[in-house]
Amino acid sequence: MARRRLSDQQHKRIQARQDSLRQQHTDAGNDVTAATAVERSGLVIAVFGTALVVEEPDGALRHCKLRRAVGRALCGDRVLWQPQGDGHGVVLTVLARRSELARREGTRRKLMAANIDRLIIVFSAQIAFNAVNLDRILVGAAIQDIEPVIVINKVDLLDDEQRAQWQAHIAVYRSLGYPVLFTSVAQRTGLEGLTRQLDGHTSILLGASGVGKSSLVQCLLPQRDIRIGAVSEVSGRGRHTTSAATLYHLPADGDLIDAPGLSDFGPDHVTAERISAAFPEIRPLLGTCRFRDCAHRNEPGCALLEAMQDGRITAERLSSMHTLIAEQSDTAH
Ligand code: GDP
Ligand code: ZN
């Protein structure tokens, strides 16, 4: 479903782009080179309704308006735009997205950011570990082909025993190949490891309120205030009218989208097969149960249950799979 929706959107965008190019072509007296020369590329770094702040490849920021027919633009979108007489610009096309991140608001999804390829999942070491909450995000990331990184922050508050408990919770994820980092903003530990994970990627931090996301962003982006000032100046909005999401360049290579309030993320309207396949240790077993319609609950010859018995899948992960599949059927209509 999600794929299908995306390709419909892409189709519409391509259509809109062609329409606009055709229009320019006519305006420029059929001189194609003149028509396309005015179309420039850019990156959306902040969104205020239909007003966007677009960054040009040389770093200059431009206030652009979004043509209604173009649809929506998100922070992180790559766009084609054209300068207007008043120094502003107009976005002609939003280019196809590699991923979309949404915040759930009740039963609705509010799209927040585009083209993320790395998801930094932040937990507070002080809050009890909940496997299904982590697995939900990991599955959502796998379905959108976003690489997750698990961060346990506030480790300064743990004693040795609690630290060992966290290591035990997280051992299965490490063995599955997920990067796991222990950080402390208070003691400034683990931050170089995090910086390395962000290098060369477009990342976003996700986690419940209070886990330390803004504190981590402060550490990662010493230039943050300068950027906020520049965005505010270009958009003509006060510094306190912040964009729902803002894209920052990291001091090293890579971008970070700061989208406060992003805490809920997971698979949305996908089949049970896609959920199961998003568990790397379960994926190779799919299709090998005795019954083709095996529900992997108590069927004889169930490959997943056998794998659980001999320790290749943990009971927690299998239970998460069932929970996430059940959640999909709850929201599938
Ligand atoms: P956010 O809601 O996820 O953005 O969380 P904040 O960054 O606002 O942090 C919430 C609280 O936790 C603040 O009082 C921070 O000072 C504190 N905090 C953040 N990181 C750490 C940490 O590593 N150790 C400790 N002890 N406190 C932290
Ligand atoms: Zn089975």
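Which of the 15 residues around ligand 1 come nearest? In this predicted model, the answer is D156, V185, G210, S214 and S215, and the legends below begin with an overview before turning to that site.

**Figure 1. Overview of the protein chain, with its ten helices and 13 strands.** The chain of this predicted model has 333 residues, of which 49% count as buried. When contacts between residues at least 6 apart in sequence are considered, 64% of them join residues at least 24 apart. The chain exposes about 16,700 Å² of area, and carbon and sulfur atoms supply 50% of that area.

**Figure 2. Close-up of ligand 1 and the residues around it.** The shell around ligand 1 comprises 15 residues, and those that come nearest are D156, V185, G210, S214 and S215. Helix 6, which spans residues 213–220, contributes three residues, the largest share of this shell. Oxygen atoms of the ligand are approached both by a side chain and by the backbone: an N or O atom in the side chain of K154 is 3.0 Å from an oxygen atom of ligand 1, a backbone N or O atom of V185 lies 2.7 Å from an oxygen atom of ligand 1, and a backbone N or O atom of K213 lies 2.8 Å from an oxygen atom of ligand 1. Ligand 1 on its own has 580 Å² of accessible area, and the protein covers 66% of it.

**Figure 3. Close-up of the zinc ion (ligand 2) and its four donor atoms.** The zinc ion is coordinated by the SG atoms of C289, C294 and C302 together with the ND1 atom of H296, at 2.1 to 2.4 Å. Along the chain, these donors follow the spacing C-x4-C-x1-H-x5-C. The arrangement is tetrahedral because the four donor atoms subtend angles of 102 to 114 degrees around the zinc ion, within the limits of 85 and 135 degrees used for that assignment. For four tetrahedral donors, the ideal angle at a metal is 109.5 degrees. Two of the coordinating cysteines can be described further: C289 counts as buried at 11% relative accessibility, and C294 is likewise buried, with a relative accessible area of 10%.

**Figure 4. Close-up of A46, a buried residue in strand 1.** Strand 1 runs over residues 40–48 and includes A46, which has a relative accessibility of 0% and therefore counts as buried. Not counting residues up to four places away in sequence, A46 touches A51, L52, V53, C75, V231, S243 and A245. A73 lies 27 residues from A46 in sequence, and the C-alpha atoms of these two residues are 9.6 Å apart in space.

**Figure 5. Close-up of R227, an arginine in helix 7.** Helix 7 covers residues 224–235 and contains R227. The relative accessible area of R227 is 13%, so this residue is classed as buried, the cut-off being under 20%. Leaving aside its neighbours within four places in sequence, R227 is in contact with I45, E55, L61, L247, Y248 and H249.

**Figure 6. Close-up of D58, in the loop between strand 2 and strand 3.** Strand 2 (51–55) and strand 3 (61–66) flank the loop that holds D58. This aspartate counts as exposed because its relative accessibility is 65%, against a cut-off of over 50%. The side chain of D58 reaches the backbone nitrogen of A60 at 2.9 Å. Between D58 and G42, which are 16 residues apart along the chain, the C-alpha separation is 9.5 Å.

**Figure 7. Close-up views of D145 and H269, two residues with positive phi values.** D145 is not a glycine, yet its phi is positive at about 60 degrees; this aspartate is placed in the loop between helix 3 (131–143) and strand 9 (147–153), and with 54% relative accessibility it counts as exposed. H269, also a residue other than glycine, has a positive phi near 55 degrees. H269 lies in the loop between strand 13 (255–258) and helix 8 (272–277), and its relative accessibility of 26% makes it partly exposed.

Definitions and conventions:
Residues numbered from 1 in each chain as written. Chains lettered and ligands numbered in written order. Predicted model: local features only at pLDDT ≥ 70, side-chain atom pairs only at ≥ 80, totals over all residues. Heavy atoms only, no water. Helix = DSSP H or I, 4+ residues; strand = E, 2+ residues; numbered from the N terminus. Buried < 20%, exposed > 50% of the residue type's maximum accessible area, 1.4 Å probe, protein only. Contact = heavy atoms within 4.5 Å. Polar contact = N/O pair within 3.5 Å; in protein donor to acceptor, adjacent residues only side chain to side chain. Donors = N, O, S within 2.8 Å, 3.2 Å for Na, K, Ca; no water. Tetrahedral: all angles 85-135°; square planar, octahedral: opposite > 155°, others 65-115°. Near = heavy atom within 4 Å. Areas by Shrake-Rupley, 256 points an atom, 1.4 Å probe, with all protein chains shown as cover.
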